[in-house]
Amino acid sequence: MAAPTREQWSHIHARAWKDDKFRALLESNPSAALELYGKENDQVFDKVIDIGPRPEGVSDEELHKHHNIPPACC
């Protein structure tokens, strides 16, 4: 498995909103929080987010205009 799916992120966010200790871990060390969440749900994540490939033909100055979804954060 790679990065968490949108559905998994929704569960991760819900947990962070309900569990202050998990939220603090997610904010301070997202990789550790995802590892913990994964262990509890029999999943393995090797990426915190998947940003996908760079869009072709887009200058460095224009890259900020070409995103699908911003990374999630609590």
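Contact here means heavy atoms within 4.5 Å. With that in hand, the meeting of two helices can be read residue by residue. In this predicted model, Phe22, Leu25, Leu26 and Ser28 of helix H2 touch Pro30, Ala32, Ala33, Leu36 and Tyr37 of helix H3. Sorted by class, the residues where H2 meets H3 are 8 nonpolar and 1 polar, with no charged ones.

Stepping back, the overall layout is easy to follow. The protein has 3 helices and 0 strands, and reading along the sequence gives the pattern α-α-α. Of its 74 residues, 20% count as buried. Among the contacts with a separation of 6 or more, 52% are between residues 24 or more positions apart.

Now for how the helices are set against each other. Two packed helices are described by the angle between their axes and the distance between the axes. For H2 (residues 20-28) and H3 (residues 30-40), the axes come within 5 Å and cross at roughly 130°. That crossing makes H2 oblique to H3, because an angle over 145 degrees would be needed to count as roughly antiparallel, and one of 65 to 115 to count as roughly perpendicular.

H1 and H2 make the next pair. Their axes come within 5 Å and cross at roughly 120°, so H1 is oblique to H2. On the H1 side, the residues in this contact are Trp9, Ile12, Arg15, Ala16, Trp17 and Lys18, and they meet Asp20, Phe22, Arg23 and Leu26 in H2. This time the classes come out as 6 nonpolar, no polar and 4 charged.

What lies at the heart of all this packing? In soluble globular proteins, nonpolar side chains tend to be buried together. Here the largest nonpolar core has 9 residues in all: Trp9, Ile12, Ala16, Phe22, Leu26, Ala33, Leu34, Tyr37 and Phe45. Helices H1 (6-18), H2 and H3 each give two or more residues to this core. Several of these names have already come up: Phe22 and Leu26 are in the contact of H2 with H3, and they also appear in the contact of H1 with H2.

H3 deserves a closer look. Its buried residues are Ala33, Leu34, Tyr37 and Gly38. Viewed down the axis of H3, they fall within an arc of 135°, so they line one face of the helix. The spacing fits a general rule: an α-helix has 3.6 residues a turn, so residues three or four places apart point the same way. As for partners, the buried residues of H3 pack against H1 and H2.

Tyr37 also offers a handy way to gauge a distance across the fold. The C-alpha atoms of His11 and Tyr37 are separated by 9.4 Å, although the two residues are 26 residues apart along the chain. His11 itself belongs to helix H1. Is His11 buried, exposed or partly exposed? With a relative accessible area of 43%, His11 is partly exposed, because that value lies between the 20% limit for buried and the 50% limit for exposed.

One last residue stands out for its backbone. Most residues other than glycine have a negative phi. Asp42, however, has a positive phi, near 50°, and is not a glycine. Asp42 sits in the segment after H3. Its relative accessibility is 74%, so Asp42 counts as exposed.

Conventions. Residues numbered from 1 in each chain as written. Predicted model: local features only at pLDDT ≥ 70, side-chain atom pairs only at ≥ 80, totals over all residues. Heavy atoms only, no water. Axes fitted to C-alpha atoms, helices over the stretch in contact; angles between N-to-C directions. Helix = DSSP H or I, 4+ residues; strand = E, 2+ residues; numbered from the N terminus. Parallel < 35°, antiparallel > 145°, perpendicular 65-115°, else oblique. Nonpolar A, V, L, I, M, F, W, Y, C, P; charged D, E, K, R; others polar. Core = buried A, V, L, I, M, F, W, Y, C linked by side-chain atoms within 4.5 Å. Buried < 20%, exposed > 50% of the residue type's maximum accessible area, 1.4 Å probe, protein only. Arc of directions from axis to C-beta.
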